[in-house]
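Colleague: Please take a close look with me at one part of this model. I would like to hear how its neighbouring side chains fit together, and then how the rest of the chain compares.

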Amino acid sequence: MASLSPSAQALVTDAAAGKTCRCGYSVDHIMVSAEPEYSPWGNFCVLFMGVSTPPIKLKFICRSCKGHLMSTKDPKILESFI
Ligand SMILES: [Zn+2]
């Protein structure tokens, strides 16, 4: 979650309040990482042009149990993930 701005981080924490994975980790736990999902055009930019574009969706996945805590399409969060 190091690549999210503090304000986006706060939005994520709010949105996932009370949610935990099977290990009991909440969305702000160190073992939970944000996995970006890019549009085909965004993928193209990242792979071939080396330009990063904001993802279209962010999924928060526990690295230990692979549990899915939440996903978001909130532009305020996505824009801070570059
Ligand atoms: Zn877990």
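By about how many helical turns are Phe-44 and Phe-48 separated in helix H2?

Modeller: By about one turn, because Phe-44 and Phe-48 are four residues apart in helix H2. Before going on, please keep in mind that this is a predicted model, with local features needing pLDDT of at least 70 and side-chain atom pairs pLDDT 80 or more, while totals for chains, interfaces and linings use all residues. Residues are numbered from 1 along each chain as its sequence is written, and side-chain values use heavy atoms, with hydrogens and water left out. Helices (H or I, at least four residues) and strands (E, at least two) are DSSP runs numbered from the N terminus.

Let's stay with H2, then. The structure holds two aromatic pairs, a pair being rings of Phe, Tyr or Trp (its six-membered ring) with centres within 6.5 Å, stacked under 30 degrees between planes, edge-to-face over 60 and tilted for the rest. One pair joins Trp-41 and Phe-44: their ring centres are 5.4 Å apart and their planes meet at 20°, so they count as stacked. Both residues sit in helix H2, which covers residues 40–49, and their spacing of three residues is again about one turn of the helix. The other pair is the one you asked about: Phe-44 and Phe-48 are tilted, with 40° between the planes and 5.3 Å from centre to centre. Phe-44 takes part in the stacked pair and also in the tilted one, and Trp-41, Phe-44 and Phe-48 form one aromatic cluster.

How do these rings face the outside? I call a residue buried under 20% relative accessible area, exposed over 50% and partly exposed in between (1.4 Å probe, protein chains only). Trp-41 is exposed because its relative accessible area is 56%. Phe-48 has a value of 63%, so it is exposed too. Phe-44, which is shared by the two pairs, has 37% and therefore counts as partly exposed.

The cluster residues also belong to a nonpolar surface patch, which is made up of Trp-41, Phe-44, Leu-47, Phe-48, Met-49 and Val-51. Such a patch joins nonpolar side chains (Val, Leu, Ile, Met, Phe, Trp, Tyr) within 5 Å, using residues with over 30% relative accessible area and no salt bridge. Together its members have about 700 Å² of accessible area (Shrake-Rupley method). Leu-47 is another patch member that is placed in helix H2, and its 63% relative accessible area makes Leu-47 exposed.

Now for the inside. The largest nonpolar core (buried Ala, Val, Leu, Ile, Met, Phe, Trp, Tyr and Cys joined through side-chain atoms within 4.5 Å) has 17 residues, and those with the most contacts inside it are Leu-4, Val-12, Val-27, Leu-58, Phe-60 and Leu-69. Two or more residues each come from helix H1 (6–15), strand S1 (32–37), strand S2 (57–62), strand S3 (68–72) and helix H3 (75–80). Strand S2 gives the most, with three residues.

Strands S1 and S2 are also linked by charge. Glu-37 and Lys-59 form a salt bridge (a Lys or Arg side-chain nitrogen within 4 Å of an Asp or Glu carboxyl oxygen), with their closest N and O atoms 3.4 Å apart. Glu-37 lies in strand S1 and Lys-59 in strand S2, so this pair ties together parts of the chain that are 22 residues apart. The count for the whole structure is one salt bridge. Both partners are partly exposed, Glu-37 at 29% and Lys-59 at 25%. Elsewhere in strand S1 lies Ala-34, which is buried at 14%. Its C-alpha is 8.8 Å from that of Ser-3, although Ala-34 and Ser-3 are 31 residues apart in sequence.

A few other spots may interest you. Lys-66, in the loop between S2 and S3, has a positive phi of about 65° without being a glycine. Most residues other than glycine have a negative phi. Lys-66 is exposed, at 62%. The structure holds zero disulfides (cysteine sulfur atoms within 2.5 Å); Cys-23 is partly exposed at 35%, whereas Cys-65 is buried at 16%. In the loop between H1 and S1 you will find Ser-26, which is partly exposed at 29%. The C-alpha atoms of Ser-26 and Ser-71 are separated by 13 Å, with their positions 45 residues apart along the chain.

Notes: Patch = residues over 30% accessible without salt bridge, like charges linked within 9 Å, V, L, I, M, F, W, Y side chains within 5 Å. Areas by Shrake-Rupley, 256 points an atom, 1.4 Å probe, with all protein chains shown as cover.
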